[in-house]
Amino acid sequence: MQLYILGKNSDDKGTQLEQLTVKILEHQGLEDITTNIQGAGGNEIDITAYSQTTIGIYPQKTKVIGECKAHKAPINITDWLKFIGKVHYAREMETNVIGIMVCLSGANGAVVGMYNERHHNDNTIQLIANNKVKIRFFIFSSLPLLLMLV
């Protein structure tokens, strides 16, 4: 089964994937969600959000940054390394940062291999690709976005 987002062009598809991801993050209780944040040197983050919990008597705020890729082909190692660089840069500014990469068409073998080797047991860097995307998005298939499962 393959998940498709239908749109006028690649920018439209990417925007729809971002909107869907925002809805999922809202459902998970994240707050202060913003999209398409421009940083220094033209560094763009598709989604930023915050999660807040209380541990003991002190609040703990965690920043979440997300990249959404609605490409026809799986993401490659260059896409993944750019994302990892954005996460590390964000961690220079704030200590509690989680990075999520949502890939509509999955990730190639180099990305999956690197993720499994370096980040599989690190829940602060998440690769949401291949079957993980389909399962997560199927839950939200009633959203008013044009989705088609084949």
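A residue counts as buried when its relative accessible area is under 20%. By that cut-off Thr62 is buried, because its relative accessibility comes to 16%. The model looked at here is a predicted one, and Thr62 makes a handy way into it. This residue sits in strand β4. Setting aside the neighbours within four places in sequence, Thr62 touches Ala49, Tyr50, Ser51, Asn96 and Ile98. One of these contacts, Tyr50, has a charged partner too: Lys61 lies over the face of the Tyr50 ring, at 4.6 Å from its centre.

Now to the sheet that β4 belongs to. It is an open sheet of 5 strands, arranged in the order β2-β3-β4-β5-β6, and the pairing is mixed. At the edges are β2, covering 31-38, and β6, covering 125-129, each of which pairs on one side only. Going from one strand to the next, the twist averages 20 degrees. Strand β4 takes in residues 58-69 and strand β5 residues 97-103; the two run parallel and are joined by 7 bridges. Within this pairing, Cys68 has Val102 of β5 as its bridge partner.

Across the sheet goes helix α2, made of residues 77-93. The helix lies over β3 (44-55), β4, β5 and β6, and its direction makes an angle of about 160 degrees with β5.

What about the nonpolar interior? The largest nonpolar core has 17 residues, and the ones touching the most other members are Ile75, Trp80, Phe83, Met101 and Leu127. Two or more residues come from each of α2, β5, α3 (109-118) and β6. Helix α2 is the top contributor, giving 5 residues. Apart from this core lies another one, with 13 residues, including Leu17, Leu25, Cys68 and Val102. The bridge partners Cys68 and Val102 thus turn up again as members of that other core.

Back in the 17-residue core, the aromatic side chains deserve a look. The structure holds 2 aromatic pairs. In one, Trp80 and Phe83 are tilted, with 45 degrees between their planes and 5.3 Å from centre to centre. Both residues belong to helix α2 and are 3 residues apart, which is about one turn of the helix. Both are buried as well. In the other pair, the ring centres of Trp80 and Tyr115 are 6.0 Å apart; the planes meet at 85 degrees, so this pair is edge-to-face. Trp80 is in helix α2 while Tyr115 is in helix α3, so the pair ties together parts that lie 35 residues apart in sequence.

How buried or exposed are the two partners, Trp80 and Tyr115? Trp80 counts as buried because its relative accessibility is 0%. Tyr115 is buried too, because its value is 8%. Taken together, the ring pairs join Trp80, Phe83 and Tyr115 into a cluster.

Another residue that meets this cluster is His119, found in the loop between α3 and β6. His119 has a relative accessible area of 8%, so it is buried. Leaving out neighbours within four places in sequence, its contacts are Trp80, Ile84, Met114 and Ile125. Trp80 therefore comes up several times over: as one of the residues touching the most other members of the largest core, as a partner of Tyr115 in a ring pair, and as a contact of His119.

Key
Residues are numbered from 1 along each chain as its sequence is written. This is a predicted model: local features need pLDDT of at least 70, side-chain atom pairs count only at pLDDT 80 or more; totals for chains, interfaces and linings use all residues. Side-chain values use heavy atoms; hydrogens and water are left out. Two strands pair if DSSP finds at least two bridges between them. Helices (H or I, at least four residues) and strands (E, at least two) are DSSP runs, numbered from the N terminus. Axes are lines fitted to C-alpha atoms, for helices over the stretch in contact, and angles run from 0 to 180 degrees between N-to-C directions. Contact means heavy atoms within 4.5 Å. A nonpolar core is a set of buried Ala, Val, Leu, Ile, Met, Phe, Trp, Tyr and Cys residues joined through side-chain atoms within 4.5 Å. Buried means under 20% relative accessible area, exposed over 50%, partly exposed in between (1.4 Å probe, protein chains only). Rings of Phe, Tyr and Trp (its six-membered ring) pair if their centres lie within 6.5 Å; planes under 30 degrees apart count as stacked, over 60 as edge-to-face and the rest as tilted. A charge sits over a ring if NZ of Lys or CZ of Arg is within 6 Å of the ring centre and within 35 degrees of the ring normal.
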